[in-house]
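Let's take a stroll through a protein model, one corner at a time. Keep the sequence and the 3D view open while you read.

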Amino acid sequence: MKLEVKRTEELRQLLQQASYAYYVLDAPIMEDTVYDQLYRELQDLETQYPELVTVDSPTRRVGEKPATQFTSVRHNIPLYSLENAFNIDELQGWDQRWRRQLPAANSSLADGVEYVSELKIDGSAIALTYENGILVRGATRGDGVMGEDITQNVRTIRSIPLRLTLQTLQAASLPEKVEVRGEAFLPLEVFKQINEERQKAGEQLFANPRNAAAGTLRQLDSRIVARRRLDFFAYTLHIPGWDDTSIANTQWEALELLEKMGFRVNPNHKLCASIAEVGEYYNYWDTQRLNLPYMTDGVVVKLNSFKLQEQLGFTQKFPRWAIALKYPAEEAPTRVENIAVNVGRTGALTPLAEMRPVQLAGTTVSRATLHNSDRIAQLDIRIGDTVIVRKAGEIIPEVVRVLKELRPADTAPFIMPTHCPVCGQPVVRESGEAVTRCVNASCAAILKGAIEHWVGRDALDIKGMGEKLVHQLVDKGLVHSVADLYDLTADKLSALERMGNKSAEKLIDAIAQSKNQSWSRVLYGLGIRHVGSVNAQLLTEKYSTVEELATAKQSDIAGIYGIGAEIAQSVYQWFQIDANQTLISRLKTAELQLASTEETILNDGNQKFAGKTFVITGTLPTLKRDEAKALIQKAGGKVTDSVSKKTDYLVVGEDAGSKLEKAQALGIMQLSEAQLLEILADSD
């Protein structure tokens, strides 16, 4: 018994640490499958020895407390987690269990029972509150009882309606309050683009779409959230006090109602007449899910009847009427044939395991990042080792562990190079950093990466300047910095491999067109460490010219909301380097945009309100007046203080005064804050 007591204490501590890291810090310390195994072990021990159960056991909790950076809010209806099943036998066990738990007086409800099967989206749960059809609150799941208010971030998700569309319903009146639950997630293509941008900026890559979605929702700057293009599927509807049972009696009807309200519902849900049919659905998607544009790690199974759900109720943690049937993690063994070291545009040396090709999650995997020397030491990975590679829920293949019992006798520990594998110059690892870097600004690898970043879609967007062409330009000595691109001629380009006269002239035109790109794009294109496209926009909004930014104090840069000390230090130090000052001078001579002009501002965003004049009156629900003004101006509109015949729109908040009366007399169109945000959300 002493061993069981000790083990339950160990498991509780491990699971609580993992839960805190996952839900509060957004920094998971173990894989989901490992957590599930430990959780199941604790469950089994507590079932076998009920006297070991404690009130603080992870099996008696929904989750950990939310982080404190956002305002904590109490959910009107708790967000319960789901019990997990890991195979069809466990699914059948759940089906038998809820039938036994059904009160005898209501046993007839189990006759002809139907199940709704829905793909379990691998994202982040959100609770939405609508009052009188208007979105008033969005909150994270948190611990299921208390979440974090992320309304401003939720508003940026375009698949979440700011106003419900209920005109198609035959309801007597609009419900005063509607609660909607769903999953925010990153489509795989968007996730790939985000990681490509982070790689170009020298930032750490997200491991999977789930972590990226959770981290995005908890960004303090909603502009970053907007750029990451989260998506949303609704899956649960609550209408407190709504007695019209003709509207929705079942989960299936609720999904249809959610669609009528303007929500996206996963189109791959299915109404099943038996548990065997649920199993068929699960087996079908086990392989077909690999073709989906988003990640799914299982199937959520719910009893369709709301009346049956009500009779079964909840345990302390789970609804009895639903379960998550999860797919097993996919792992495969393979052999490490080589460990290569790549050099990125920031000089970072990244070790890569080159492996015998293996099939994982529908793709052939032959390389996996090893991150840095610390990770290599932790794994003790060597050339010739047999390793386990994992891609379950992961986009980026990773080496999970080394099978040391299969290690050949002649292997040797891998040591990171002391000199750059490209230019041969010594590399450095600064104190407090895990990354080893080449600091030779003339390194061909750094130069190639810098130019690829400069010509990329989110920077100067020079079409036709692909990776192979960039490598030719550097290898042949035609380009030594991004400024050299603007000295190229059609004659020089036409001499390159697979580059005729017509293609050369077209590329020269594209390079010339890039001179019209905005100051914020130029700043992003410079590739200053930690400065992504959003940060570049924030910096150029504060400093309208390169001279202002180049002479700004580090403390002033750090004071910009959304920037912070690390980015400020990187920007400040970049402008102190003589070579960078020379680069700016050459770009100025080439007539690139190094200042925010009226023209570049207009070219930089959508212009939904171009030529329109606005007046704002009253107190808006969530936006400060300056924030609303900035949004309108960014969309090309003009904001004035007084209403006149030239006013196109009046944005109306609470306690509106004489401006509203004058606007009504002149017949000027009025907009609420929600309507303004909805127009902006649809402006692309």
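## A covered helix

A residue is called buried here when its relative accessible area is under 20%. Keep in mind that this is a predicted model, so everything below describes a prediction.

With that cut-off in hand, have a look at helix 6, which spans residues 209-217. How many of its residues are buried? The count is 9 of 9, so this helix is mostly covered. The buried residues of helix 6 are Pro209, Arg210, Asn211, Ala212, Ala213, Ala214, Gly215, Thr216 and Leu217.

## Two buried loop residues

Thr216 turns up again when you look at Arg228. You'll find Arg228 in the loop between helix 7 (222-227) and strand 8 (231-238). Is Arg228 buried or exposed? Its relative accessible area is 11%, and because buried means under 20%, Arg228 counts as buried. Setting aside residues up to four places away in sequence, Arg228 touches Leu186, Val190, Ile194, Arg198, Phe206, Thr216 and Gln219.

Now hop over to Asn304, in the loop between strand 10 (296-303) and helix 10 (306-312). Asn304 is buried too, with a relative accessibility of 3%. Not counting neighbours within four places in sequence, its contacts include Glu114, Tyr115, Val116, Trp252 and Leu271. Others among them are Asn249, Thr250, Gln251 and Gln309. And how far apart in space are Asn304 and Thr545? From C-alpha to C-alpha they are 60 Å apart, with their positions 241 residues apart in sequence.

## Two helices that pack

Next, find helix 12 (residues 444-454) and helix 13 (residues 467-475). These two pack at an angle of about 135°, and their axes are 10 Å apart. Helix 12 and helix 13 are therefore oblique to each other. Their crossing is right-handed.

Which residues make the contact? Helix 12 brings Ala444, Leu447, Lys448, Ile451 and Glu452, while helix 13 brings Glu467, Val470, His471, Val474 and Asp475. Sort the residues of this contact by type and you get 5 nonpolar, 1 polar and 4 charged.

## Salt bridges

Side chains of opposite charge can pair when their charged atoms come close. How many salt bridges does the count come to? The count for this model is 26 salt bridges.

Start with Arg7 and Glu10, a salt bridge whose closest N and O atoms are 3.3 Å apart. Both residues lie in helix 1 (residues 2-24), and they are 3 residues apart, about one turn of the helix. Why does that spacing suit a pair? An α-helix has 3.6 residues a turn, so residues three or four places apart point the same way. Arg7 is partly exposed at 26% relative accessible area, and Glu10 is partly exposed at 32%.

Another salt bridge links Asp461 with Lys463, with the closest N and O atoms 2.9 Å apart. Asp461 is partly exposed at 24%, whereas Lys463 is exposed at 58%. Salt bridges with shared partners also join Asp380, Arg382, Asp385, Lys404 and Arg407 into one network.

## A closer look at Asp380

Let's stay with one member of that network. Asp380 forms a salt bridge with Lys404, and the closest N and O atoms are 3.7 Å apart. Where do the two partners lie? Asp380 is in the loop between helix 11 (373-379) and strand 15 (386-390), and Lys404 is in the loop between strand 16 (398-402) and strand 17 (427-428), so the pair ties together parts that are 24 residues apart in sequence. Asp380 is partly exposed, with a relative accessible area of 22%. Lys404 is partly exposed as well, at 44%.

Asp380 has another feature to check: a positive phi of about 55°, although it is not a glycine. Glu591 isn't a glycine either, and its phi is positive at about 70°. You can spot Glu591 in the loop between helix 21 (578-589) and helix 22 (598-604). Is Glu591 buried or exposed? Its relative accessibility is 61%, and because exposed means over 50%, Glu591 counts as exposed.

Key: Residues are numbered from 1 along each chain as its sequence is written. This is a predicted model: local features need pLDDT of at least 70, side-chain atom pairs count only at pLDDT 80 or more; totals for chains, interfaces and linings use all residues. Side-chain values use heavy atoms; hydrogens and water are left out. Axes are lines fitted to C-alpha atoms, for helices over the stretch in contact, and angles run from 0 to 180 degrees between N-to-C directions. Helices (H or I, at least four residues) and strands (E, at least two) are DSSP runs, numbered from the N terminus. Angles under 35 degrees count as roughly parallel, over 145 as roughly antiparallel, 65 to 115 as roughly perpendicular and the rest as oblique. A crossing is left-handed if the near helix is turned anticlockwise from the far one by less than a right angle, and right-handed if clockwise. Contact means heavy atoms within 4.5 Å. Ala, Val, Leu, Ile, Met, Phe, Trp, Tyr, Cys and Pro count as nonpolar, Asp, Glu, Lys and Arg as charged, and the others, Gly among them, as polar. A salt bridge is a side-chain nitrogen of Lys or Arg within 4 Å of a carboxyl oxygen of Asp or Glu. Buried means under 20% relative accessible area, exposed over 50%, partly exposed in between (1.4 Å probe, protein chains only).
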